[in-house]
Amino acid sequence: MAIFSACALIAALITPFVITLVILRIMHKAGATGWQPVDLGEYIKFTLGTVAFTIGATLTDGTATGVIRDYYVTSGTFATNDAAGYIALDAVASGPFGAAAVITDGVGGSAYSNGTNVAVALQPGGRYDFVTENVFGGVEDIAMFFVNGEGDAWQFSRNDACLPMEHGVAANPTHVGTYRKHIMLGFDEGAFVFSQPGIPLGWSAILSAGQYGVGDKISGFKTLASAFLVLCESHTYVLYGTSKSTFELDEFEDQVGGVPWSIQTVSSTFFVNHSGIVDFKAVQEYGNFSDAAISERIRPYITGRVNN
């Protein structure tokens, strides 16, 4: 159990949310009495919403009930009677909810369910990648986004609401990042996708989400001062721009990439490849990966392990 405590300690330095668990798949969160396990609850999708829901109210379809932890609109608005999105639920009883039922919260909130309720379950195996960011714009609206290569991508936010990021790719993401209020998901299958800006649960191409094929396994992401680094196993790309209409993906280096999971920021951005430990800032300045390697004296040690 020491390894879980160590994970919690490290994560506590960077985020109020903590995943402690690759084997147990149990999320813990810091509380007044120490680390506490989090019940991830359930969720239901809604459509044709006419009146906004109230957090803490009880949602019902006339039979099933559940307490509303939170909700997010991904398209439409309540004002135009076409709001659609997700509701995070707690204490579901007498379920399941009907798949196309009128759902109300007793204080005015109203919509139709778009499918029945689903229990949140983290898939076993894989390796977890996390990023915490306020992409919503509200005060203290920080959320944690995570993937493990074995199941859905997830958003964990206020009131312990855990909701899936249904990105539309028939594969499981292995890497996650953020850039200009977009959530970025990377895949071993040679592509990365980005969400609608400020709407991590929104992945409609019509509403400014999108995808890039890079033809190489994604090794990691890193947000730079004015761009987004997409590191692949054998290529390096840099994404410029602020949104789908201005994004431009440049191939920074052909046939040279980085080792998966090696990209880190310590005053500058570093990663490991066959040249050794590379300082990306120096690469940008000098244009050569070999010249930017800062591990010349231990290159045999590093390259021997990279090649293995």
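**Cavity, pocket and cores in a predicted model**

By class, the residues that line the largest cavity are five nonpolar, three polar and one charged, where Ala, Val, Leu, Ile, Met, Phe, Trp, Tyr, Cys and Pro count as nonpolar, Asp, Glu, Lys and Arg as charged, and the others, Gly among them, as polar. Before I go on, this is a predicted model, in which local features need pLDDT of at least 70 and side-chain atom pairs count only at pLDDT 80 or more, while totals for chains, interfaces and linings use all residues. Residues are numbered from 1 along each chain as its sequence is written, and side-chain values use heavy atoms, with hydrogens and water left out.

Back to the cavity, then. On a 1 Å grid over the protein atoms alone, a cavity is a set of points where a 1.4 Å probe fits but cannot get out, whereas a pocket is an open set with protein on both sides within 12 Å along at least five of seven lines, and lining residues have an atom within 4 Å of a point. The structure holds one cavity of 30 Å³ or more, and about 40 Å³ of space lies in the largest cavity, a volume being the space filled by probe spheres set on the grid points, which are joined across faces, edges and corners. Its lining is made up of Leu 122, Gln 123, Tyr 128, Phe 146, Val 147, Asn 148, Gly 151, Asp 152 and Trp 154.

The second largest pocket has a volume of about 350 Å³, and of the 19 residues that line this pocket, Asp 129, Phe 130, Phe 221, Lys 222 and Ile 263 are the closest to its centre. Strand S19 (218–223) gives the most to that lining, with five residues, and strands S11 (129–133) and S15 (175–179) each supply at least two; helices (H or I, at least four residues) and strands (E, at least two) are DSSP runs, numbered from the N terminus.

Turning to the chain as a whole, it has four helices and 25 strands, and 46% of its 308 residues count as buried, meaning under 20% relative accessible area, with exposed over 50% and partly exposed in between, for a 1.4 Å probe and protein chains only.

The largest nonpolar core, that is, a set of buried Ala, Val, Leu, Ile, Met, Phe, Trp, Tyr and Cys residues joined through side-chain atoms within 4.5 Å, has 32 residues, and those that touch the most other members are Leu 40, Phe 145, Phe 146, Phe 156, Met 165, Ile 183 and Leu 185. At least two residues of this core come from each of S7 (83–93), S12 (143–147), S13 (153–157), S14 (161–165) and S16 (182–187), and S12 gives the most, with five. A second, separate core of 14 residues includes Phe 46, Ile 68, Leu 89 and Ile 103.

Ile 103 is also among the contacts (heavy atoms within 4.5 Å) of Ser 110, together with Phe 53, Phe 78 and Val 102, leaving aside neighbours within four places in sequence. Ser 110 lies in strand S9 (residues 110–113), and it counts as buried because its relative accessibility is 18%.

Finally, some backbone details in the loop between S7 and S8. Ser 94, placed in that loop, has a positive phi of about 55° although it is not a glycine, and it counts as exposed because its relative accessibility is 54%. Pro 96 is found in the loop between S7 and S8 (102–104), and the peptide bond from Gly 95 to Pro 96 is cis, with omega near 10°.
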